[in-house]
Amino acid sequence: MKHKLGFVVACFAALALYPAVAGSFGLDLVTKIMVYAIFALSLELLVGATGLVCFGQAAFFGIGAYAAVLLSPANGDAPGLWWLLPASVAAAAAYAAVMGALCLRTQGVYFIMVTLAFAQMAYYIVHDTPLGGGTDGIYLTAKPVLGPAASPWLDLDKPLAIYGFTLACLALQFGFMALLLCSRFGRALAGIKANEQRMRATGFSTYPYKLAAFVISGGMAGLGGFLFGVKDGFVNPELMSWHLSGAVLIMIILGGLGHLRGALIGAFAFALLQEFFKSEAIFGAFAKHWTLGLGLTIIASVALLPRGLVGLPGQLAARLTGQRPSSAAAANASEAP
Amino acid sequence: MTVLLQGHQLTRRWGGLVAVNQVSLALESGTVHAVIGTNGAGKSTLINLLSGETEPSSGQVQLLGQDVTRWSQPQRARAGLGRSYQRNTIYPGFTVLENCRLAAQARHPQPWQWWRDAQRCEFSMGAARAAVARTGLDAVADRQAGLLSHGQKRQLEIAMCLATGPQVLLLDEPLAGMGAEETERMLALLTELRQGHAILLVEHDMDAVFRIADTITVMVNGSVIATGSPDAVRHNPEVQAAYLGGH
C-alpha cells in the first residue's frame, strides 16, 4: 500500500516540478495528457470500479467542452471560472443522468451498444446543427478567469496557469476517487462489479448505485472536456466521437483496469505512444501511418500484459521467482485501488 | 411456533412450462423445512419466488405477516430474508471479513456514505465479525475468499446471509460438492442456526435432509406431492415411487 501511495505522490511531485524544465511544447503536451488522465479516471469509475463498460464516455467529455464554449459570453468578455466550470460539469452530469437512467436498464453487450448510441446522438447534434458549429466547431472567444477581469488571480489563457489548474483538478479528482472507492458507496460499487446478483440478494438496490456512479463519472468526464476546450480554445464534434470513447477505453485497459494509478499510467502511455508514432523525426514518411504502429503496440501490450502496465512489476517479479503469473494475479486481486 | 415466511398457491409459468405449480408452504421459527425433488422439479424456482428474484405468475408471499409479493428482492432481503445460491456467489477478490462486512452494509441506515473508509464502520464490521465467528471462519477471516476451500466457501455464503441479520434463511444446496467432514461441519452449523431462524433447505443429500429437517416437502414437475415429517415422507408410497426409489 505504501509503495503505491509513494508512486502516486512521486508522480504528482514530478508533474508539479515539470514546468521548471519544460518548454512550451512539453507544457502543452503534458497539460493535454493530464486532461486525458482526468478523462480516463472518469471512465475507470464505471469500467474498473463498477464493471460497466461504457462506450459513450466521449459524449460527456464533449458536452463539458461545448458547454464551456457555448456558455461563455459572445461579446468576448472573459467568463468567470467560478460559474463556468460548475455549469459545464453539471451539463455533462445532466446528460449522464438521462443516458444512465435508460442505459442501465440494459446489460452486457446491449449496454455497450446503447451507450454508444447515446454518444452518437450527442455527436450528431453538434455535427449537424448550428448549435455546435457543424464540422468546423466553435472558438472560445475569451478564456475563463478567476477574480477581477482587469487583474485576475488566475487566467487560464496563460499556459502555466492552465497547466497548474489542470494538475490541481487531477490531484483533487484522484484524491476524491481514492476516498470514494474505499467508502461504503465505493465498496458497494465493487460488490456490484464482482457479483450484482449477490448484492441484490443481500439487500442492495443496485440501480441507484450504478446511476450515481454514471452521473459522477459523466461529471468528471465533463471536467476533462471543459479543460480540453479551455486549453485549446476550440471545440469540434470529434470531441464526442466514438474514436475518443474507444481511445479512453484503451487508456484504462493499457494502464490496468481496477486501479486508479492504472488510469494515470494508461493516459500517459497512450498519449506518449501516439506522439512517438507520429514523430516524423523517427519514422519519416511512415509517421502518417501512426495509427498502425500504435494499434500493433496496443495489441501486443494487451496480449503480453493482461493486467496492464500496473501489473508489469508483479509479472516480472513472478517470472523472476518462478511463481505462476495467474496465482500472483489472484493474490493481488483484492488490492486497493 | 411463529410462521415467519409463507408462500400461498405460488405458480410460475414460462410460456407453456409450469415450473412451480400452486405450491404452498409455511416456514416456522426454529425449524428446518427441507424441499427435495429431482433436478428440474422447481425447487430453485420456488426459492427464487420466495426471495423475490423471480416474480410469481400467481400466488402470494408473506414475510413476517406482511404481504411482500410485489416487493423487490433487495426490499425482502432488508426485511429479514437471506438466501444462498446453488453455486458460490461470494466476492472472490475480497477477504472473508470484507465479504461479510459488505453484506452487513446493506442494512446500514446510511449505506451510501462516500467520505469515510468503510472499514471504519463499526456497525457493519461488528455484524461481519459476529457472522464470521458464528460460522467458524475466524481463522481465515483475513484470507482472500477466492482462495478458500469449497467447504469454506459454502460456509462463507451462509456467513454473508447471517451478516444481514435475517430471520429467514433460504439455502439452495449448501452441501453440494462437500466431503464427509465438511458436510458434518455444515450440518452442525445449520443445527445451531435453527435457533432463532426459519430455514428452508433445498438439498440433494438425502441422509443429511432426513437427519436435520423437521418438515420435508417433496416436489415433482413443479408440484408438491407430499409434505410432512421425515418419517411420514419416508413411508409415503407416492414419494418412494417418484423420488426415493424404495429407500
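Here is a short chat about chain B and how its labels are worked out.

Tutor: Quick warning: this is a predicted model, where local features need pLDDT of at least 70, side-chain atom pairs count only at pLDDT 80 or more, and totals for chains, interfaces and linings use all residues. Residues are numbered from 1 along each chain as its sequence is written, while chains are lettered from A and ligands numbered from 1 in the order in which they are written.

Student: Why is Leu49(B) called buried?

Tutor: A residue is buried if 20 or more other C-beta atoms, placed from the backbone, lie within 10 Å of its own, exposed if 12 or fewer, and partly exposed in between. Leu49(B) has 24, so it's buried. In chain B, 46% of the 247 residues get that label.

Student: What does Leu49(B) touch, leaving out residues up to four places away in sequence?

Tutor: Contact means C-beta atoms, placed from the backbone, within 7 Å. The partners of Leu49(B) include Gly7(B), Leu10(B) and Val61(B). Gly7(B) is 42 residues away in sequence, yet the C-alpha atoms of Leu49(B) and Gly7(B) are 8.7 Å apart.

Student: What makes the radius of gyration of chain B agree with a compact globule?

Tutor: The radius is taken over C-alpha atoms, and the globule rule is 2.2 Å times the number of residues to the power 0.38. For 247 residues that comes out near 18 Å, and chain B has 18 Å, so the two agree.

Student: How many residues of chain B are in contact with chain A?

Tutor: 31 residues of chain B contact 23 residues of chain A.

Note on methods: Contact = placed C-beta atoms within 7 Å.
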